[in-house]
Amino acid sequence: MFKRMTTAKVNDLHFKYDEKTGLKAIIAIHNTLLGPALGGCRIIEYQNTDQAIDDAIRLAKGMSYKAALANLPLGGGKAVILKPIKIKDRALLFEAFGRFVNELGGRYITAMDAGTTTEDMDAIASQTQYVTCTSTGGNPAPYTALGVFNGIKACLKLKGHQTTNLKGVHVAIQGLGNVGYELARLLYENDARLTVADIDKTKLARCINEFNATAAPADAIHKVNCDIFSPCGLGSILSKSAINELNCQIVAGSANNQLALPHCGEFIHQRNILYAPDYLINAGGLMFVALQHKGAKLDAIKKKIEEIGTTLHTLLKRSLSQNIPSSEIADHMAEEVLYSSQQSNRPAV
Ligand code: NAD
């Protein structure tokens, strides 16, 4: 256990079993150097506890890097609930989880993630103040989409396109869920041409009808000849073989952990395709929940989300001029922010 924590530099791992509700949950806190650790809570089926621990550790680390690059005073944390075969009472389960979060006294703030809903966040909120994404708070997905849209414009600028209007720009979107749908809407409203894919036929039909999009098979959308491939579904889709099949100039989408393995960033770079690092371009939702939790106004939040385009532009220019994959530059930039704060002796939370 400690070997895994040392490798990922994760500070703490908390486990909770609640006999009454059957809750089995893990909270991983990567670090709190920049502030309390904010990150979602997912409830999914895991093959075993080890897999759940690894997921929590990997995701918590990603949140630290995301917050650091987004210049937010937050650390990185993530919670996973091992989904029981049958949930007796969902509200009671999440209330028990809320008490678990509360016991950490604010070191960890929870949010929505895979499998959780605003109703679940409301149940958590009945037990703790350290929660976001409640039904009064709003859905972060449109803000994640706005950040991806800003990032796409920054990539296009680097490729010499004008960006006041996206006429003539062809985007292939994989996954039309909460974020993919909102991104499709923004692109359509700015005159981009869309090719889309989703394994869910209803979501696919909605985008075809509303945004005049063309459908592509879910397993071939990454091969579409287009300007931008935008992964907004699953993670780990950029394997070496998938990267070889890309037929675009830019990869820019919301999915977390897009690279199948860290060194896959090198393969994209070698193919001379601009890659927008996932945890930078998809930080709009985090910016929304973090700033809203502090009571910021919507205009200020949107202004903050514009920073994604600026940071991405700087990062990609550095990647091109130094001939280093953008994924590596992103890790360096995040680590600079994270660990220089340690040197300046900022008190940990
Ligand atoms: P979602 O579950 O609403 O949507 C995902 C969509 O992808 C679904 O419509 C699903 O049917 C589709 N999909 C799944 N497998 C597919 C496949 N093989 N081919 C094509 N489509 C497939 O999730 P979301 O909230 O829209 O998030 C999308 C991605 O962005 C996820 O990776 C998520 O972790 C990441 N992300 C989301 C947010 C947010 O604010 N929601 C923030 C940061 C990152």
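A polar contact is a pair of N or O atoms within 3.5 Å; within protein, one must be able to donate a hydrogen and the other to accept it, and residues adjacent in sequence count only if both atoms are side-chain atoms. The model is predicted, so local features need pLDDT of at least 70 and side-chain atom pairs pLDDT 80 or more, while totals for chains, interfaces and linings use all residues. Residues are numbered from 1 along each chain as its sequence is written, and side-chain values use heavy atoms, with hydrogens and water left out.

**Exercise 1. Identify the polar contacts listed here between the ligand and Val-179, Asp-198 and Asn-256.**

Step 1. A backbone N or O atom of Val-179 lies 2.8 Å from a ligand oxygen atom.

Step 2. In the side chain of Asp-198, an N or O atom is 2.7 Å from an oxygen atom of the ligand. For the side chain of Asn-256, the corresponding distance is 2.9 Å.

Step 3. On its own the ligand has 830 Å² of accessible area (Shrake-Rupley method, 1.4 Å probe), and the protein covers 74% of that area.

Step 4. The shell around the ligand comprises 9 nonpolar, 9 polar and 4 charged residues.

**Exercise 2. Compare the span of helix H6 with its expected value, and describe its surroundings.**

Step 1. Helices are DSSP runs of H or I with at least four residues, and strands are E runs of at least two, numbered from the N terminus.

Step 2. H6 holds 12 residues, 178-189, and should span 16 Å at 1.5 Å a residue, the expected span being 1.5 Å times one less than the number of residues. The end C-alpha atoms are 17 Å apart, which agrees.

Step 3. Among the buried residues of H6 (under 20% relative accessible area, 1.4 Å probe, protein chains only) are Val-179, Tyr-181 and Leu-187.

Step 4. The buried residues of H6 pack against helices H5 and H7 and strands E6, E7 and E9. Asp-191, with a positive phi near 70°, follows H6.

**Exercise 3. Determine where Thr-195 and Val-224 are found, and what touches them.**

Step 1. Thr-195 is found in strand E7, and Val-224 in the loop between strands E8 and E9.

Step 2. Thr-195 is buried because its relative accessible area is 7%; for Val-224, also buried, the value is 16%.

Step 3. The side chains of Thr-195 and His-170 make a polar contact of 2.7 Å.

Step 4. Setting aside residues up to four places away in sequence, Val-224 touches (heavy atoms within 4.5 Å) His-170, Ala-172, Thr-195, Ala-216 and Asn-247. Under that exclusion, the contacts of Thr-195 include His-170, Ile-173 and Val-224.

Conventions: Buried < 20%, exposed > 50% of the residue type's maximum accessible area, 1.4 Å probe, protein only. Nonpolar A, V, L, I, M, F, W, Y, C, P; charged D, E, K, R; others polar.
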